[in-house]
Structure formats: C-alpha cells, structure tokens
Amino acid sequence: MSYETFEKALCTLPETAGRRFFIRHDFPLSRVTSFHIGGNADLAVYPADAEAFAYALDAVVQAGVPYTVIGNGSNTLVRDGGFRGVVFVTTDMRRVTIDGTRLTGGCGVLLGSVGTNASRAGLAGAEFANGIPGTLGGAVYMNAGAYGGQLADIVCETVCYDLDAKQVLHLDNAAQHFGYRHSVFMEKNYIILSATLQLTKDEPDAIRARMNDYLARRREKQPLEYPSAGSVFKRPEGHFAGKLIEDAGLKGLRVGGAEVSPKHAGFIVNVGGATARDVLELIERIREKVYAMSGVTLECEIRTIGED
C-alpha cells in the first residue's frame, strides 16, 4: 500500500486541459457531507474531468490503496474515525451540455443545476429532483426519486468506468437495472462518470413553476434548516417509514446531537455537535422500537463509510 506511489502517478497525467486534480491530505470529511459529521480522510482527491477520474481510479487500484467516492455527500454518514484511504470527491465534474431534448451532465453536477439548465432550455422531466441535495452521479447510483418521479424515468445513457475490465462503458437504461433505490452500480465495480437524460419540450415558465412548487413542498415538510442526510430509511412495502416512526412516538428522540426531526420523522438531523456514533445509535433505537410496535423492519438507505 503506497500513497506516495499513487500521488506520483497522478502527477504523470499531462495537464493538457489545465489542472487535473485538487488534492488534500488529512482532509475533514465533515466538510463534504450534508450531515457535517465524520473524521478525516488520509487523502481527498477532486478529479477535474472524466479522463482524470478514470486514470486516478486505475492508479489507486494499482497502488493498493483503499478508496471510496463521494458526490455531494448528501446520503452518506462518515464514521468518527474517518476513512483510511483515498476519497474521490466528484464535485469539480460539473459540465452540462444540451443537445436537442437530451441533457448530459458530469457525475458531480448538482441536481439543482440540472433543473436550472433544463428549465432554461425549455426541457421538462427533471422537476421532481429540484431540491434533492445530491449530484447527478449519486442520484443515478441510488435511483433517487421524489413526488412520483425517479431517475430511472429519464436516464437514457450513463457513462461509467469498469474497474475490472479497465474500460469506459456506455450503458443504456435497461442495462442499468434500475429498481427502487437500486441500480447496476450497486452490483458491479462500475464508477459513474456522466449521465444523459431524455427530457421533453415545454414552456420554461411552466417548468419553473413546477420546480418552485416541489421546492416549496420540501421546505414546508422537511427539516432543511438542519444538517441531515435526507430520508434515513427506505420505504417499506405497504408503509411509509416516517409514519411508522411517528406512530412509535419517536419524534424528537435524541441521542447526543442527533435527533429524530419533530418536523418529519423520516429524517435524523444534526442539531449541533452530533457524532456518527450518535446517529448510528439513534438509527438502531428507531429500528428496534418500530419493529416492536409494528413488526416492520426498517432498512437504512444512508451509506456509512469509514471506521470508529
């Protein structure tokens, strides 16, 4: 295992398009997660484009260094001991292009930017994602959705890097095996580089009105005033996780600085100084109480990385 070998490899990639990587040592991951929780990564690397990202992925594997990928960190809990390895942060990969009714964005494009670019071009279909605090890559990875829409409805192609075959793949919608909060990227050793959305023409004012409506609903019902990782649990078949948690009398339950939101029981919020240990203990208390009250086992949809 050699960080030095990995860093030297990054320096050998020609800077034909300007800076290719932004690198930070002993980097606090609380800065790149929406929970604002977590220890430090040994190394944080921000690739500037798909070519640089693919090159760095090969280099980190060859160097034998553990790694993970974070987009906007909006569905991620980093443990208090941080991550011993390299964390790739994709938020510099934000290029958006539009060709007719197709919008292509890098994996680090924020969903809000997707909506803004689409509405300006008079393209509809992505409004449901307005206000989801994630990146396009992260949204495709987990097939994010809201208000009756999901990424599976609009993604026509995703470009990814196959780490096993060491080649770039272009996957159509069917090849991505979309399901509820699921995609092929959870099954294979694929890293998302970009995605193309098939949208439809509409009046920009009408698109913006729908986007504003969805955003207003989020602000009314969700605890956006506190750091969180969004909805904590997947929707159980035949139930709603937030309703089960509320019916179990758990609104406002607190462990340290982590609290079940009094505004929406499906959210755990950081009310100040929460640790990952606080959040994980609260998640277990919720699961135990809900199971005791309803017989339903809640499945966490937040990704947890790092060590205690």
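Which residues are exposed on the other side of helix 5, away from the buried ones? In this predicted model, helix 5 runs over residues 204-221 and comprises 18 residues. From the first C-alpha to the last, helix 5 reaches 26 Å, which is close to the 26 Å expected at 1.5 Å a residue. Within helix 5, the residues Ile207, Met211, Tyr214 and Arg218 are buried, where buried stands for a relative accessible area under 20%. These four buried residues lie on the same side of helix 5, because they cover an arc of only 60 degrees around the axis. The elements that cover the buried residues of helix 5 include helix 3 (111-120), together with strand 8 (123-124) and strand 9 (145-146). On the other side of helix 5, it is Asp205, Asn212, Arg219 and Glu220 that are exposed, a term that refers to a relative accessible area over 50%.

Attention then turns to the pockets of the model. Rolling a probe the size of a water molecule over the atoms shows where empty space is left. The second largest pocket has a volume of about 220 Å³, and its lining is made up of 13 residues, among which Ala50, Arg95, Gly105, Gly106 and Ser194 lie nearest the centre of the pocket. At least two residues of this lining are supplied by each of strand 7 (102-106) and strand 13 (190-198), and strand 7 provides the largest share, namely three residues. In terms of residue character, the lining of the second largest pocket divides into four nonpolar, five polar and four charged residues.

How values were computed
Residues numbered from 1 in each chain as written. Predicted model: local features only at pLDDT ≥ 70, side-chain atom pairs only at ≥ 80, totals over all residues. Heavy atoms only, no water. 1 Å grid on protein atoms, 1.4 Å probe; cavity = no way out; pocket = protein on both sides within 12 Å on 5 of 7 lines; lining within 4 Å. Points joined across faces, edges and corners; volume = space filled by probe spheres on them. Nonpolar A, V, L, I, M, F, W, Y, C, P; charged D, E, K, R; others polar. Expected span 1.5 Å × (residues − 1). Buried < 20%, exposed > 50% of the residue type's maximum accessible area, 1.4 Å probe, protein only. Arc of directions from axis to C-beta. Contact = heavy atoms within 4.5 Å.
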